[in-house]
Amino acid sequence: MVVAESHTHSMFERFSSGYYLGRLYVEPDGAGRAAISRAQHEQVNEQLYTGEGVERTDLPLVMKLGNTHFTVGGEADVPADTLVVPESLVEETDIRNPPALREVFLAKADRARQLLSVAEGLPTVGSDSEAGVASGDTSRDEGGGPTGI
């Protein structure tokens, strides 16, 4: 995936101080999950979210599609370069005939921690608006589905 922040990869490239930009095939998932292929998830997680030493590579990634932030897991049954999202999220976009190739944002590690802190109601550095979190967009799905951030 991304070897270093200054390098470009086919899945994600540096976009801003808080995000990478990628183009993935977006399609709805009837189970209400947000996921990419397990192998790609682990690679992205390892290269973008872990630091020195041994750390978990199964933690959720934080992505943004349209105006909605959400956590993304890794699943074995998701094809490479594909992002499956809850049907309700697809309905909020201009996607009419999925799967459709779309730009998605991947929060960098610091931004992801900030967004997760806001979603969990924990103290964080910076405001909600600075983190790009719209009011009313911080609900959590307690039923085991993706966390809307």
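Student: What makes strand β4 largely enclosed by the rest of the structure?

Tutor: Keep in mind that this is a predicted model. In strand β4 (residues 61-65), 5 of the 5 residues are buried, so the strand is largely enclosed by the rest of the structure. Buried here means under 20% relative accessible area.

Student: Which residues cover the two faces of β4?

Tutor: Leu61, Met63 and Leu65 sit on one side, with Val62 and Lys64 on the other, and all are buried. Yes, that list includes the lysine, Lys64.

Student: How do you know that β4 pairs with β5?

Tutor: Count the bridges. Two strands pair if there are at least two bridges between them, and 5 bridges join β4 to strand β5 (residues 68-75). The two run antiparallel. As one example, Val62 has Thr71 as its bridge partner in β5. The two strands form a hairpin with 2 residues between them, and Gly66 in the turn has a positive phi of about 65°.

Student: And what makes β4 and β7 a pair?

Tutor: The cut-off is at least two bridges, and 2 bridges join β4 to β7, so they pair. They run antiparallel as well. Across from Met63 in β7 stands Leu106.

Student: Why is the pair of Tyr19 and Phe105 called edge-to-face?

Tutor: A search of the whole structure finds 2 aromatic pairs. In the one formed by Tyr19 and Phe105, the centres are 6.0 Å apart, with 75° between the planes. Pairing needs centres within 6.5 Å, and edge-to-face needs planes over 60 degrees apart, so both tests are passed. Tyr19 lies in strand β2 (residues 19-29) and Phe105 in strand β7, so the pair ties together parts 86 residues apart in sequence. Together with Phe15, these two residues form one aromatic cluster.

Student: Is Tyr19 buried or exposed?

Tutor: Buried: its relative accessibility is 10%, and the limit is under 20%.

Student: How do you know that Lys108 lies over the face of Tyr20?

Tutor: Lys108 is at 5.0 Å from the ring centre of Tyr20. The distance limit is within 6 Å, and the charge must also be within 35 degrees of the ring normal. Lys108 is listed as lying over the face.

Student: What makes Thr93 count as buried, and where does it lie?

Tutor: Thr93 lies in the loop between α2 (87-91) and β7 (100-107). Its relative accessible area is 14%, which is under 20%, so Thr93 is buried.

Student: What does the side chain of Thr93 reach?

Tutor: The backbone oxygen of Val90, at 2.7 Å. A polar contact requires N or O atoms within 3.5 Å, and 2.7 Å satisfies that distance limit.

Note on methods. Residues are numbered from 1 along each chain as its sequence is written. This is a predicted model: local features need pLDDT of at least 70, side-chain atom pairs count only at pLDDT 80 or more; totals for chains, interfaces and linings use all residues. Side-chain values use heavy atoms; hydrogens and water are left out. Helices (H or I, at least four residues) and strands (E, at least two) are DSSP runs, numbered from the N terminus. Buried means under 20% relative accessible area, exposed over 50%, partly exposed in between (1.4 Å probe, protein chains only). A polar contact is a pair of N or O atoms within 3.5 Å; within protein, one must be able to donate a hydrogen and the other to accept it, and residues adjacent in sequence count only if both atoms are side-chain atoms. Rings of Phe, Tyr and Trp (its six-membered ring) pair if their centres lie within 6.5 Å; planes under 30 degrees apart count as stacked, over 60 as edge-to-face and the rest as tilted.
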